[in-house]
2 protein chains.
Amino acid sequence: MTKKARQIVGAVDIGGTNVRTAVATPLGRILAKDRFPSRPQHSAEKLAERIIVSLQSLAHDIGADINQLSGLGCSVPGPLDRKLGVVRFSPHLDWHDVPLAALFYELLSVPFTMDDDANCAALGEAHLGAARKATNMVYVTISTGIGAGIVIDGRIYRGSHGLAGEVGHIPLERSGPQCACGNRGCFEALASGTAMGEQAREAYRSDIPTSLRNMVSSPDELTAEHVLAAADSGDVVSARIVAMTAVYVGAGLAMVASAFDPEMIVLGGGVIGHGNSLLERARNEFAKRAIAPLGELVLIAPAQLGDDSALIGAAFLASQDAEETGGMSAAAGRGGVHVH
Amino acid sequence: MTKKARQIVGAVDIGGTNVRTAVATPLGRILAKDRFPSRPQHSAEKLAERIIVSLQSLAHDIGADINQLSGLGCSVPGPLDRKLGVVRFSPHLDWHDVPLAALFYELLSVPFTMDDDANCAALGEAHLGAARKATNMVYVTISTGIGAGIVIDGRIYRGSHGLAGEVGHIPLERSGPQCACGNRGCFEALASGTAMGEQAREAYRSDIPTSLRNMVSSPDELTAEHVLAAADSGDVVSARIVAMTAVYVGAGLAMVASAFDPEMIVLGGGVIGHGNSLLERARNEFAKRAIAPLGELVLIAPAQLGDDSALIGAAFLASQDAEETGGMSAAAGRGGVHVH
């Protein structure tokens with residue numbers, strides 16, 4: 001195969017802390033990758049330029065040219081308008097209505113496509129990760145918040161307004177704690193890292209003995225990570241918080257299974273990544289809670305691609321969308337790179 | 001157009017009380033229809049024979065022949081195995097593992113396909129009913145139980161094990177009343193006709209004044225219909241049951257919207273069909289409960305096809321499945337009708 005004939009796509013995962021870039025095959029195999037800080041003090045324009053420089057260098061590393069990319073897929077943190085190519089809001093980057101597609105089109109004349117991080121991670125795990133043998137899968141991320149990406153027949157299902165899979169804001173308990181969305185008892189208000197931190201702060205301020213008090217100088221500093229670490233070291237209060245979180249994670253996954261009946265639910269996010277005790281308990285609760293026979297049929301598995309889930313998903317997105325728009329890649333007048 | 005060139009399909013809706021049959025165009029327009037009692041004392045074999053006789057007569061009425069049907073679609077009450085063509089269980093008909101597809105194949109050599117009533121009604125409403133302009137919709141039926149049919153891109157989404165849309169068994173309140181499925185506080189346990197009847201019986205047995213007591217000779221006879229009628233006549237207890245049911249219907253629909261983000265949720269079933277006061281209240285609750293902006297974007301509409309939803313859906317199913325299996329219709333050796 002000659003170099004020119006080899007199909008390659010560009011993939012970008014813009015996170016709150018780091019940007020990760022890759023040149024990959026259309027089937028998501030990473031050929032070369034790079035990472036650098038997202039540095040929110042820079043503008044979105046500067047960030048896009050930095051990303052193009054990184055992709056140029058990666059293409060060069062594999063003996064190719066950035067203009068050979070048949071598409072560029074991008075994972076972004078936060079809600080977006082895919083039609084307009086605009087990132088609505090990203091708190092960590094302090095972005096509001098950033099026209100990301102237009103920024104990239106100006107720099108590089110290849111088809112650009114983007115989606116939020118949960119959808120990209122879902123696509124990555126569905127094709128090359130834990131759910132690579134599944135036709136239908138749901139990826140649920142449990143970290144600061146709770147989000148989901150739904151893959152049906154190998155493609156992301158976004159719903160009619162791009163909001164499908166807002167499972168974090170489905171109430172599991174009408175009388176539960178207040179959620180940021182205005183409702184009470186949402187999955188996210190009960191089982192997210194934020195909810196764990198909240199319970200840790202309550203315990204800190206109570207009279208109950210807990211090693212959480214020795215880990216921080218102020219209760220405001222407590223996070224889910226402290227709770228998970230303290231539970232591992234035998235702190236009873238923290239172990240109880242982890243156990244209750246697992247119960248709600250199991251209940252939330254039962255809800256997801258009843259709605260979507262996937263072959264597999266893949267769990268990602270910091271709260272799950274920490275260790276297996278929460279995952280095991282959540283699995284047990286799921287098996288009890290899910291309507292028969294889904295409790296036995298739907299597999300619950302941790303994500304397998306680590307930090308690469310969304311990056312690999314972005315590569316898939318680039319090739320799927322290029323395929324959908326047909327000859328767009330060829331028609332999009334290859335003007336080449338124009339970094340200003 | 002000659003009679004031979006005209007494409008027609010057969011549609012059957014097997015209900016607990018009545019069977020409805022039709023000859024229709026592949027796009028679901030009913031050309032002639034019939035209904036007769038399902039008479040559970042007869043065997044499934046006899047019922048299938050009776051259905052074929054009805055379809056023969058309908059085909060004759062429009063100047064066609066039953067062997068011209070390009071497919072036969074059937075709506076059945078209760079869980080089924082589409083791959084095996086078996087109805088697992090249907091309490092009203094006293095059916096257990098009935099090989100319905102085989103029964104029909106023996107009588108009529110045309111491609112046979114079937115699905116449960118909620119999925120068929122969803123397909124009917126999605127193509128010719130309330131959601132005929134929608135790409136993605138969810139049909140929710142609220143009667144004895146609560147079920148749903150999900151239509152994505154004009155086709156039924158069944159999930160990986162045929163159990164997608166089991167929304168009736170998603171808990172809305174962990175501490176709620178016991179559900180038949182074993183869990184507590186399921187949507188169905190809170191908002192179905194059965195749940196309304198249960199609350200009516202509790203009220204009957206209490207000291208509270210209610211006209212429900214004058215409507216039946218024993219509390220065991222009370223159903224949702226009594227509650228809806230009494231609420232319309234000003235009974236305070238019944239009005240409160242209807243109001244609480246509407247609150248839970250609204251909460252359940254908010255959950256459906258957050259999961260699937262459809263353009264429209266179509267409501268069917270006896271509890272909704274009775275009148276608009278419950279629907280209006282449920283809509284208001286939905287608008288308050290659903291995560292922004294879904295509360296405004298997702299339309300809630302009553303079913304429009306009345307008793308024909310599932311029959312029309314069965315016609316669509318017949319033509320969609322014939323299309324999917326390609327030349328199956330031609331290949332299926334037209335042996336003609338063989339009623340024994």
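**Helix H7 and the pairing of chains A and B**

Me: Where along chain A is the place of Ser258(A)?
Reply: The model considered here is a predicted one. Helix H7 of chain A spans residues 236-260. Ser258(A) has its place in this element, helix H7 of chain A.

Me: Is Ser258(A) buried or exposed?
Reply: The relative accessible area of Ser258(A) is 2%. A residue counts as buried under 20%. Ser258(A) is therefore classed as buried.

Me: Which residues of chain B are in contact with Ser258(A), leaving aside its neighbours within four places in sequence?
Reply: Within chain A, the contacts of Ser258(A) include Ile291(A) and Leu294(A). On the side of chain B, Ser258(A) is in contact with Leu163(B), Ala164(B), Gly165(B), Glu166(B), Val167(B), His169(B) and Ile170(B).

Me: As by what kind of axis are the two copies related?
Reply: Chain B superposes on chain A with an RMSD of 0.0 Å. The operation is a rotation of 180 degrees, with 0.0 Å of shift along its axis. The copies are thus related as by a two-fold rotation axis.

Me: Which residue of chain B has the C-alpha nearest the axis?
Reply: The axis in question is that of the rotation of 180 degrees superposing chain B on chain A. At 2.3 Å from this axis, the nearest C-alpha in chain B is that of Glu173(B).

Me: What percentage of the contact residues of chain B recur in chain A?
Reply: The same surface serves both copies. The share of contact residues of chain B that recur in chain A is 100%.

Me: What is the handedness of the crossing of H6(A) and H7(A)?
Reply: Helix H6 of chain A, residues 224-232, packs against helix H7 of chain A at an angle of about 115 degrees. Their axes are 7 Å apart. The crossing of H6(A) and H7(A) is left-handed.

Me: How many charged residues does the contact of H6(A) with H7(A) have?
Reply: From H6(A), Val227(A), Leu228(A), Ala230(A) and Ala231(A) meet Ser238(A), Ala239(A), Ile241(A) and Val242(A) of H7(A). By class, seven residues in this contact are nonpolar and one is polar. The number of charged residues is none.

Me: How far in space is Thr245(B) from Leu278(B), C-alpha to C-alpha?
Reply: Thr245(B) lies in helix H7 of chain B and is buried, with a relative accessible area of 1%. Beyond four places in sequence, Thr245(B) touches Ala191(B), Met196(B) and Leu278(B). Although Thr245(B) and Leu278(B) are 33 residues apart in sequence, their C-alpha separation is 7.8 Å.

Me: Which residue has its backbone oxygen 2.7 Å from a polar side-chain atom of Thr245(B)?
Reply: Thr245(B) is placed in helix H7 of chain B. The backbone oxygen at 2.7 Å from a polar atom of its side chain belongs to Ile241(B).

Key: Residues numbered from 1 in each chain as written. Chains lettered and ligands numbered in written order. Predicted model: local features only at pLDDT ≥ 70, side-chain atom pairs only at ≥ 80, totals over all residues. Heavy atoms only, no water. Least-squares fit on C-alpha atoms with pLDDT ≥ 70 in both. Contact = heavy atoms within 4.5 Å. Axes fitted to C-alpha atoms, helices over the stretch in contact; angles between N-to-C directions. Helix = DSSP H or I, 4+ residues; strand = E, 2+ residues; numbered from the N terminus. Left-handed = near helix turned anticlockwise from the far one by under 90°. Nonpolar A, V, L, I, M, F, W, Y, C, P; charged D, E, K, R; others polar. Buried < 20%, exposed > 50% of the residue type's maximum accessible area, 1.4 Å probe, protein only. Polar contact = N/O pair within 3.5 Å; in protein donor to acceptor, adjacent residues only side chain to side chain.
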